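Q: I'd like a close look at one part of this structure, please. Take me through it in order, and spell out the cut-offs as you go.

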Amino acid sequence: MQIGVIGLGRMGGNISRRLMKAGHHCMVFDTNATAREALAKDGATAAGSMAELVQVLDEKPRAVWVMLPAGRITEETVEHLGGLLEPDDIIIDGGNSFYKDDIRRAKKLAERRIRYLDCGTSGGVWGIERGYCMMIGGPKEAVDRLDPIFAALAPGLGDIPRTAGRKDGDSRAERGYIHAGPSGAGHFVKMVHNGIEYGLMQAYAEGFDILRNKDSKDLPEDERFALNMPDIAEVWRRGSVISSWLLDLGAAALAKDPQLKDFSGFVQDSGEGRWTVEAAIEEAVPADVLSSALYARFRSRQEHTFGEKMLSAMRFGFGGHIEGNEPIDPEPKSEQSQGHSAPQHAAG
């Protein structure tokens, strides 16, 4: 299939590359000429403007994937595309937009019979190899039309055992993507996903902080332990009930730098955690852990503990988020493509 991709940063660039590896044809645009040229070398057709991108998409109905930071830049891009596309064309917002913005955009575009999909996309800088977990909102016919695109981006069945007791049904969930519901549902599910991610990361961070401080001089001498952080992270990865990809990333960071000296402890939040807590308030649902994890990120900007450095290390590991003194290029370097603007909020 043909697809246009706007925004060729770490996520957008790698999404394009994964699609091309699967045999799809990508027409790409970014205001950064270097990013466009890099994708062109990999086989994409580079356009010099959004208008040119729409023109070179000759397979109708057209589909354009927008992979830009949430907020004004995505808003303006979607609005501009809405004036260039034709009825039945499809816009996919694969970033981390607020789900209520999706509902509004979908209604506005529907007036011109342009279809809009909100696609919560998880996978970070590793998605080009591991695949992207996707939660999609919008009209069913548009989701079905683009199923070959989503299937190519998704991880697939892989070697993950099937869930015991799961009855036959839509196989897309087992392959790593779902049609979550109407407009806004995709980004709503991804928003809560990121809120949960905050809580998981905070739990690891606090646990490792407790372990590291067990040799504190404030404790009785016979109760002090000089614990090996890399070994603890490694053993927990293997057979433990708290093993996870986040722990894998933390273990990798500790193996390279047991004191995490290259991480400042400053931990940013990209919006989804706040929105998740707001949703919990609107629904009167208790969210003690997720709220505390969000507030811990606020506090990290005032003081830096080892736990906050652990948070920062994990965040850098899955999304390449640059905070404070972290190294510039996450590995593997072959996966990096700096593009349009600020780093995508990939979250997990």
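A: Let's begin with a term we will need: a crossover is right-handed if, with the strands pointing away from the viewer, the path from the first strand over the helix to the second runs clockwise. The helices (H or I, at least four residues) and strands (E, at least two) are DSSP runs, numbered from the N terminus. This is a predicted model, in which local features need pLDDT of at least 70 and side-chain atom pairs count only at pLDDT 80 or more, while totals for chains, interfaces and linings use all residues. Residues are numbered from 1 along each chain as its sequence is written, and side-chain values use heavy atoms, with hydrogens and water left out.

The part to look at is the sheet, and strand β5 is a good place to stand in it. The sheet is open and has 8 strands in the order β3-β2-β1-β4-β5-β6-β7-β8, with mixed pairing (two strands pair if DSSP finds at least two bridges between them). At the edges stand β3 (45-46) and β8 (177-181); each has a single partner strand, so one side of each is left without a neighbour in the sheet.

Now to β5 itself, which covers residues 90-93. On one flank, β5 pairs with β4 (residues 63-66) in the parallel sense over 4 bridges, and Trp65 stands opposite Ile92. On the other flank, β5 runs parallel to β6 (residues 115-122), again joined by 4 bridges; here Ile90 stands opposite Arg115.

Both connections can be followed along the chain. From β4, helix α4 (residues 72-84) leads to β5 in a right-handed β-α-β unit. From β5, helix α5 (residues 99-110) leads to β6, making another right-handed unit of that kind.

As for side chains, Ile90 and Ile92 point one way from β5, Ile91 and Asp93 point the other way, and all are buried (under 20% relative accessible area, with exposed over 50% and partly exposed in between, for a 1.4 Å probe and protein chains only). In a regular strand the side chains alternate between the two faces of the sheet.

Beyond β6 the direction changes: β6 and β7 (residues 133-137) run antiparallel, joined by 5 bridges. Within that pairing, Asp118 has Gly137 as its bridge partner in β7. Helix α1 (residues 10-21) packs on the sheet, touching β1 (2-6), β2, β4 and β6, and its direction makes about 160 degrees with that of β2. Helix α4 packs on the sheet too, touching β1, β4, β5 and β6, at about 175 degrees to the direction of β5. In these cases touching means heavy atoms within 4.5 Å, and angles run from 0 to 180 degrees between N-to-C directions, with axes fitted to C-alpha atoms, for helices over the stretch in contact.

Over in β2 (residues 25-29) sits Val28, which is buried with a relative accessible area of 0%. Among the residues it touches are Val5, Leu8, Ser16, Leu39 and Leu53.

Finally, two residues we have met turn up in the largest nonpolar core (buried Ala, Val, Leu, Ile, Met, Phe, Trp, Tyr and Cys residues joined through side-chain atoms within 4.5 Å). Of its 32 residues, Trp65, Ile92, Leu117, Met134 and Phe150 touch the most other members. Met134 touches Trp65 as well as Phe150, Leu153 and Tyr177, among others, leaving out residues up to four places away in sequence.
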